[in-house]
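I opened the notebook to record how the strands, helices and aromatic rings of this chain are arranged. The entries below follow the order in which I looked things up.

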Amino acid sequence: MDAILMSLMTALNEHLLINVYQRDTDDFYTGYVQVLGHDAVVLGTYNDSGIADGCALIAFSAIDQVEFAGDDLDNMNFRIGLAQSEHFLTLQGKEKPFQFDATESLIWQLAKQAQASEQMIMVVVADDDAYLEGRVTAVAEDRFSMAIFNKFNYTDVRALQVDFSDILVMEFHGLDLKLETELVRHRDQLQHVPTKLYQNDGQLDGVFQNALAENRLISVVPKGPEDQFFVGRVKAVNDRVVVLSLKDMAGQFGGYILMTLPSIQNVATASDYLQTISFYEQWDQTHHFSQQPVLNADREFDPNDNLVKAIISEAASFERVVRIKVADSDEHFLGYPEHVDETDFDLKLVGQDSGETVRIRYGQIREIAFGHIFAYLQEAQLKNADR
């Protein structure tokens, strides 16, 4: 613990970007130390895109390691610089910061300020894998009460008491929690709706055609063991594939994905979570937060084309990074296509497998994700490495 405290003190005094790794989980936070208390630290955190995005209070008991250098931090420093130079959208500087006295309990101070401002926070407690999001309703000397909000299920209404001694992490500010705060303030405008789900019985092209005609926000679950789903709007569909314009968890443009129809497990056209993302999307539009300035959310796709080949050929021509999932594998390949011909192509891998090449047949492909912020960042880092 003394080593962790000394590391955090050094990071604070020298204003160093650090990674804080947690015990018993792969999760970690990247950021700068803002306040160092007697039992916890407050970081100003950055997301994976290099965007300043809120803060995290981390109890010392939850910290496994503090990292000052390495490939991950080198990549994050590059992304942070790029996000700043390209004016990526962020709430940094647009929210009134919380004030802390390092000699007093940071948890108590955070709980009191969250209660007064009625802002949503996210809490992780010991012996519980859940991420609890809610509003602080009362604060005592050693605990506080929360009204839990479940953006996936509006009928899940709970009140919870949280002991300070059980707290591992508390997140506050940041875009996701800002949007959730606004959603809860307008909760009377939203009512629970039963999920309307269509299983893949071979007729999903009709569901997608209707969603396209209605410009409807939908969610799509692919087949496979991954706990993954996509939210977006249909841009093109035929009897073989569908192309979606995606929304991320903050309702912002999240790039595009092509999926083959047999690779889809089900489609939801109504749910509480779709209401949530729709509300976020409207807030983003009103506040000019809909997409990062380096992305293109206005692409069109011709359903009469061989869309798989067209997307791969375009990525090869412009050296664009794509993420591909193939049949009989749960692995995703990230890279840029080369040597494209009529039946297959090479994918030059980037990231952890940088330098390797795999040959992929069009018929193997189940998903192609492209045009998203992480593809842009990978392309920028490749160009930077070639200088």
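Before turning to helix packing I noted that axes are lines fitted to C-alpha atoms, for helices over the stretch in contact, and that angles run from 0 to 180 degrees between N-to-C directions. I also kept in mind that this is a predicted model.

**Entry 1: two helices in contact**

I looked up helix α4 (residues 175-185) and helix α6 (residues 272-286), and found that they pack at an angle of about 105°, with their axes 10 Å apart. Angles of 65 to 115 degrees count as roughly perpendicular, and that makes α4 roughly perpendicular to α6. On the α4 side the contact involves L175, D176, K178, L179, E180, E182 and L183, which meet T276, F279, Y280, W283 and D284 in α6. I sorted the residues of this contact by character and obtained six nonpolar, one polar and five charged.

While in α6 I also checked Q275, which has its place in that helix. Is Q275 buried or exposed? Its relative accessible area is 19%, and under 20% counts as buried, so Q275 is buried. Leaving aside residues up to four places away in sequence, Q275 touches Y154, L190, Q191, H192 and V193.

**Entry 2: the sheet of 10 strands**

I then traced an open sheet of 10 strands, whose order is β5-β1-β2-β3-β4-β10-β6-β7-β8-β9, with antiparallel pairing. The edge strands are β5 (63-67) and β9, each of which pairs on one side only. Neighbouring strands of this sheet are turned by 40° against each other on average, direction ignored.

Following the strands from β6 onward, I found that strand β6 (residues 120-125) and strand β7 (residues 132-139) run antiparallel and are joined by four bridges. These two strands form a hairpin with six residues between them, and in the turn D127 has a positive phi of about 60°. Strand β7 is in turn joined by five bridges to strand β8 (residues 143-148), again antiparallel, and here the hairpin has three residues between its strands. R135 helped me to keep the register, since M120 stands opposite R135 in β7, while R135 stands opposite A147 in β8. Strands β8 and β9 pair in the antiparallel sense over six bridges, and R143 stands opposite D163 in β9.

Which helices did I find on these strands? Helix α1 (residues 2-14) lies across β1 (18-22), β2 (28-36), β3 (40-46) and β5, and runs at about 75° to β2. Helix α4 packs on the sheet as well, touching β4 (52-59), β6, β7 and β10, and its direction makes about 120° with that of β6.

**Entry 3: the sheet of 11 strands**

The next item was an open sheet of 11 strands in the order β11-β16-β12-β13-β14-β15-β21-β17-β18-β19-β20, with antiparallel pairing. At its edges stand β11 (196-199) and β20 (357-361), each with a single partner strand, so one side of each is left without a neighbour in the sheet. The average turn between neighbouring strands of this sheet is 35°, direction ignored.

I looked at one pairing in detail: strand β17 (residues 322-326) and β21 pair in the antiparallel sense over four bridges, and I324 stands opposite I368 in β21. Helix α7 lies across β13 (230-237), β14 (241-247), β15 (253-260), β17, β18 (332-338), β19 (344-349) and β21, and runs at about 45° to β21.

**Entry 4: aromatic pairs**

How many aromatic pairs does the model hold, if ring centres within 6.5 Å count as a pair? The count comes to 15 aromatic pairs. In one of them the rings of F144 and F164 have their centres 6.1 Å apart and their planes at 40°, so I recorded the pair as tilted. F144 lies in strand β8 and F164 in the loop between β9 (158-163) and β10 (167-172), so the pair ties together parts that are 20 residues apart in sequence. Both F144 and F164 are buried.

A second pair, F301 and F370, is edge-to-face, with 6.0 Å centre to centre and 80° between the planes. This pair links distant parts of the chain, 69 residues apart, with F301 in the loop between α6 and α7 (307-318) and F370 in strand β21 (residues 365-370). F301 and F370 are both buried, and together with F253 and Y256 they form one aromatic cluster.

Conventions:
Residues numbered from 1 in each chain as written. Predicted model: local features only at pLDDT ≥ 70, side-chain atom pairs only at ≥ 80, totals over all residues. Heavy atoms only, no water. Pairing = 2+ DSSP bridges. Parallel < 35°, antiparallel > 145°, perpendicular 65-115°, else oblique. Contact = heavy atoms within 4.5 Å. Nonpolar A, V, L, I, M, F, W, Y, C, P; charged D, E, K, R; others polar. Phe/Tyr/Trp six-rings, centres within 6.5 Å; stacked < 30°, edge-to-face > 60°. Buried < 20%, exposed > 50% of the residue type's maximum accessible area, 1.4 Å probe, protein only.
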